[in-house]
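Got your viewer open? Load the model, clear your old selections and follow along stop by stop.

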Amino acid sequence: MSAFVSVGNATQPFRRLLDAVDHLARSGVLTGPVLVQRGNTLFESAYVETADFIPMEEFSRHILESDILILQAGAGSIITALANGRMPVIVPRRPECGEIVDHHQLTLARRLETAGRVIAAYEVGDLPSCILRAREHDRREKAENRPARIIEHLKRDLQQLVSAQ
Amino acid sequence: MKICIVSSVGGHLTEVRMLKAAYSEYDHFFVLNDKCSLPPDMKGRTCFIRHSERDWLFFVNLAEAFSILRKERPDVILSTGAGPAVPFALVGRLLFRCTVIFVETFTRIDAPSLTGRIMYRLAHRFYYQWESLAAYFPQGVHCGPLI
């Protein structure tokens with residue numbers, strides 16, 4: 001079972017998550033290949049593969065293909081995961097740990113978890129159980145198969161404008 | 001019918017591309033505020049403006065918007081944010097009679113974004129995804145989650 005982990009592009013590091021991932025790989029909770037996108041976090045591990053930054057298309061491919069997703073609770077990462085029909089494990093950066101300036105990742109994580117779209121690990125100790133829950137609920141349903149109402153709204157708007165021309 | 005799709009790179013771009021089923025049948029082009037590797041369906045139809053972060057570069061963006069809109073003459077300006085939407089909406093609406101359509105981002109659940117608050121005043125059609133924002137956008141349309 002492959003895993004993809006991402007901390008995004010923020011200047012602040014996120015060692016708390018990556019040290020936990022290293023531990024999960026070492027102890028065999030994560031059994032398959034693990035790729036860690038580490039951004040600006042200083043991190044090395046003998047148990048996972050690392051990349052600093054990943055171009056958008058490759059990032060989307062990992063999001064689509066990896067069995068397990070563990071992502072910082074950043075808007076961009078979450079949107080990409082959800083747009084690709086995945087239910088990711090998201091880990092909010094905490095301001096008191098120097099990982100981010102404010103609480104917006106915590107707020108986003110709580111609200112999306114309540115809406116049933118993500119599994120949130122607020123403490124890294126929650127990761128093993130969160131990974132299990134994500135595997136249970138991850139339908140991998142592409143967004144195209146869940147038509148959004150906005151598409152109908154927009155099509156109508158554009159058709160009306162064409163008719164008025 | 002020609003559509004100008006304005007977006008920040010990253011999450012906003014992923015989000016606005018979710019609207020492809022609506023815009024792809026029409027002539028369209030993209031305006032981005034940072035270089036990034038472009039997927040095949042955006043190659044050859046994307047231009048780039050300077051990346052402003054609520055600073056003086058906003059005025060550069062106004063000039064860039066004027067130049068691009070004068071050349072392309074789109075009928076519609078479409079965006080989910082972030083900041084680059086504002087100069088295009090201003091110039092497009094005031095000078096080129098563009099119809100401005102804005103969708104508040106998926107990630108704003110309890111409180112609107114600053115771009116959303118501004119675009120609410122500038123857009124002809126304003127959509128928001130979460131019911132909890134209804135009080136902020138009484139003239140907006142709740143469309144549900146885009147993703």
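What follows is a walk through a predicted model, going from one whole chain to the interface and then to a few spots in chain B.

**Stop 1: chain A on its own.** Select chain A and color it by secondary structure. You should find six helices and six strands. Trace the chain from the N terminus and the elements come up in the order β-α-β-β-α-β-α-β-α-β-α-α. Turn on the C-alpha trace: along the principal axes, those atoms fill a box of roughly 60 × 35 × 30 Å. Of the 165 residues here, 49% count as buried. If you like contact maps, take the contacts with a separation of 6 or more: 59% of these join residues 24 or more positions apart. Now switch on the surface. Chain A exposes about 7900 Å², with carbon and sulfur atoms supplying 51% of that area.

**Stop 2: where the chains meet.** Bring chain B back and select the contact residues on both sides. You'll pick up 37 residues of chain B and 30 residues of chain A. About 2900 Å² is buried between the two chains, and 70% of this comes from carbon and sulfur atoms. Within chain B, highlight B:Met1, B:Thr107 and B:Ile147, which supply 18% of the area that chain B buries against chain A, more than any other three residues.

Next, look at the polar side of the interface. There are two salt bridges between the chains. For one to zoom in on, select A:Arg111 and B:Asp110, whose side chains meet in a salt bridge at 2.9 Å, N to O. Six residue pairs are in polar contact across the interface, counting those with both residues at pLDDT 80 or more. Which elements of chain B supply at least two residues each to the side that touches chain A? Color H1 (11–17), H2 (20–23), S4, S5, S6 (125–128) and S7 (141–142). H1(B) gives the largest share, with four residues.

**Stop 3: helix H4 of chain B.** Select residues 85–95 of chain B, which form H4. Show its buried residues as sticks: B:Ala85, B:Val86, B:Pro87, B:Phe88, B:Ala89, B:Val91 and B:Gly92. What covers them? Among the elements to display are the strands S1 (2–7), S2 (27–32), S4 (76–81) and S5 (99–103), plus the helices H3 (57–72) and H5 (114–122), again in chain B.

Now go to B:Leu95 in the same helix, H4(B). Is B:Leu95 buried or exposed? Its relative accessible area is 54%, so B:Leu95 counts as exposed, the cut-off being over 50%. Add B:Phe66 and B:Leu94 to the selection: together with B:Leu95 they make a nonpolar surface patch of about 320 Å².

**Stop 4: backbone oddities in chain B.** Step just past H4(B) to B:Arg97, where phi is positive at about 55°, although this residue is not a glycine. B:Arg97 sits in the loop between H4 and S5 and is exposed, with a relative accessible area of 79%.

Then jump to B:Arg73, in the loop between H3 and S4 of chain B. Here too phi is positive in a residue other than glycine, near 50°. B:Arg73 is exposed, at 52% relative accessible area.

Finish at the loop between S4 and H4 of chain B, which holds B:Ala82. Check omega for the peptide bond from B:Gly81 to B:Ala82: the bond is cis, with omega near -5°.

Key:
Residues are numbered from 1 along each chain as its sequence is written. Chains are lettered from A and ligands numbered from 1 in the order in which they are written. Side-chain values use heavy atoms; hydrogens and water are left out. Patches are made of residues with over 30% relative accessible area and no salt bridge: like charges are joined within 9 Å, nonpolar side chains (Val, Leu, Ile, Met, Phe, Trp, Tyr) within 5 Å. Accessible areas come from the Shrake-Rupley method with a 1.4 Å probe; for residues, only the protein chains shown count as cover. A salt bridge is a side-chain nitrogen of Lys or Arg within 4 Å of a carboxyl oxygen of Asp or Glu. Buried means under 20% relative accessible area, exposed over 50%, partly exposed in between (1.4 Å probe, protein chains only). Contact means heavy atoms within 4.5 Å. Buried area is the accessible area (1.4 Å probe) that two parts lose on being put together, summed over both. A polar contact is a pair of N or O atoms within 3.5 Å; within protein, one must be able to donate a hydrogen and the other to accept it, and residues adjacent in sequence count only if both atoms are side-chain atoms.
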